[in-house]
Amino acid sequence: MDINFTVPEITCGHCKETIEKTLNTPGVSNVNVDVDTKAVSLSISDGVEMTDVESLLYEQGYTVVQG
């Protein structure tokens with residue numbers, strides 16, 4: 001399933017790298033982070049919930065805003 005959301009705390013390339021590394025986990029693929037728009041898109045496979053993605057990012061100090 002393809003997911004799109006924003007992360008208001010994205011401010012630089014380091015944020016992008018941190019998010020990409022954090023989401024480099026089984027069941028998550030095609031992670032794309034746009035620093036300018038603070039947008040994140042990714043694909044999750046069966047067995048991975050959006051709450052799992054949110055928890056991973058929250059542990060790094062990022063919040064997920066959907067819609």
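## Close-up views of a predicted model

**View 1. Leu23 and its contacts.** Leaving aside neighbours within four places in sequence, Leu23 is in contact with Val28, Val31, Leu42, Val53, Leu56 and Leu57. The model shown here and in every view below is predicted. Leu23 sits in the loop between helix 1 and strand 2. Is Leu23 buried or exposed? Its relative accessible area is 1%. Buried means under 20%, so Leu23 counts as buried. Now look for Cys12, eleven residues from Leu23 along the chain. The C-alpha atoms of Leu23 and Cys12 are separated by 17 Å.

**View 2. The largest nonpolar core.** This core has 17 residues. Which of them touch the most other members? They are Phe5, Val7, Ile19, Leu42, Val53 and Leu57. Several parts of the chain contribute to the core. Strand 1 (2-6), helix 1 (13-22), strand 2 (28-34), strand 3 (39-44) and helix 2 (50-59) each supply at least two residues. In soluble globular proteins, nonpolar side chains tend to be buried together.

**View 3. The surroundings of Leu42.** Leu42 is one of the core residues that touch the most other members. What is Leu42 in contact with, leaving aside its neighbours within four places in sequence? The list begins with Met1, Asp2, Ile3 and Phe5. It also includes Leu23, Val28, Ser29, Asn30 and Val31. Val53 is in contact with Leu42 as well. The contact between Leu42 and Leu23 also belongs to View 1.

**View 4. The three-stranded sheet.** Three strands form an open sheet. In what order do they lie? The order is 1-3-2, and the pairing is antiparallel. Strand 1 and strand 2 are the edge strands, since each pairs on one side only. From one strand to the next, the twist averages 15°. Zoom in on strand 1 and strand 3. They pair in the antiparallel sense over five bridges. Two opposite pairs help you trace them. Asp2 stands opposite Ser43 in strand 3. Thr6 stands opposite Ala39 in strand 3.

**View 5. The two faces of strand 1.** Side chains alternate along strand 1. Ile3 and Phe5 point to one face and are buried. Asp2, Asn4 and Thr6 point to the other face and are not buried. Phe5 has also appeared in View 2, among the core residues that touch the most other members.

**View 6. Helix 2 across the sheet.** Helix 2 lies across strand 1, strand 2 and strand 3. It runs at about 40° to strand 1. Which residues of helix 2 are buried? They are Met50, Val53 and Leu57. Seen down the helix axis, these buried residues fall within an arc of 60°, so they line one face of helix 2. An α-helix has 3.6 residues a turn, so residues three or four places apart point the same way. What covers the buried residues of helix 2 includes strand 1, helix 1, strand 2 and strand 3. On the other side of helix 2, Tyr58 and Glu59 are exposed. Just after helix 2 comes Gly61, with a positive phi of about 95°.

**View 7. Tyr62 and Thr18.** Tyr62 lies in the segment after helix 2. Its relative accessible area is 8%, so Tyr62 is buried. Not counting residues up to four places away in sequence, Tyr62 touches Val7, Glu9, Cys15, Thr18, Ile19 and Leu57. Take Cys15 from that list. Tyr62 and Cys15 are 47 residues apart in sequence. How many Å lie between them in space, C-alpha to C-alpha? The answer is 9.2 Å. Now take Thr18, which is found in helix 1. Thr18 is buried too, with a relative accessible area of 17%. Not counting residues up to four places away in sequence, Thr18 touches Gln60 and Tyr62.

**View 8. Positive phi at Asn30 and Lys38.** Asn30 is not a glycine, yet it has a positive phi of about 55°. Where is Asn30? Its place is in strand 2. With a relative accessible area of 60%, Asn30 is exposed. Lys38 is not a glycine either, and it has a positive phi of about 65°. Lys38 is in the loop between strand 2 and strand 3. At 29% relative accessibility, Lys38 counts as partly exposed.

Technical notes
Residues numbered from 1 in each chain as written. Predicted model: local features only at pLDDT ≥ 70, side-chain atom pairs only at ≥ 80, totals over all residues. Heavy atoms only, no water. Core = buried A, V, L, I, M, F, W, Y, C linked by side-chain atoms within 4.5 Å. Buried < 20%, exposed > 50% of the residue type's maximum accessible area, 1.4 Å probe, protein only. Helix = DSSP H or I, 4+ residues; strand = E, 2+ residues; numbered from the N terminus. Contact = heavy atoms within 4.5 Å. Pairing = 2+ DSSP bridges. Axes fitted to C-alpha atoms, helices over the stretch in contact; angles between N-to-C directions. Arc of directions from axis to C-beta.
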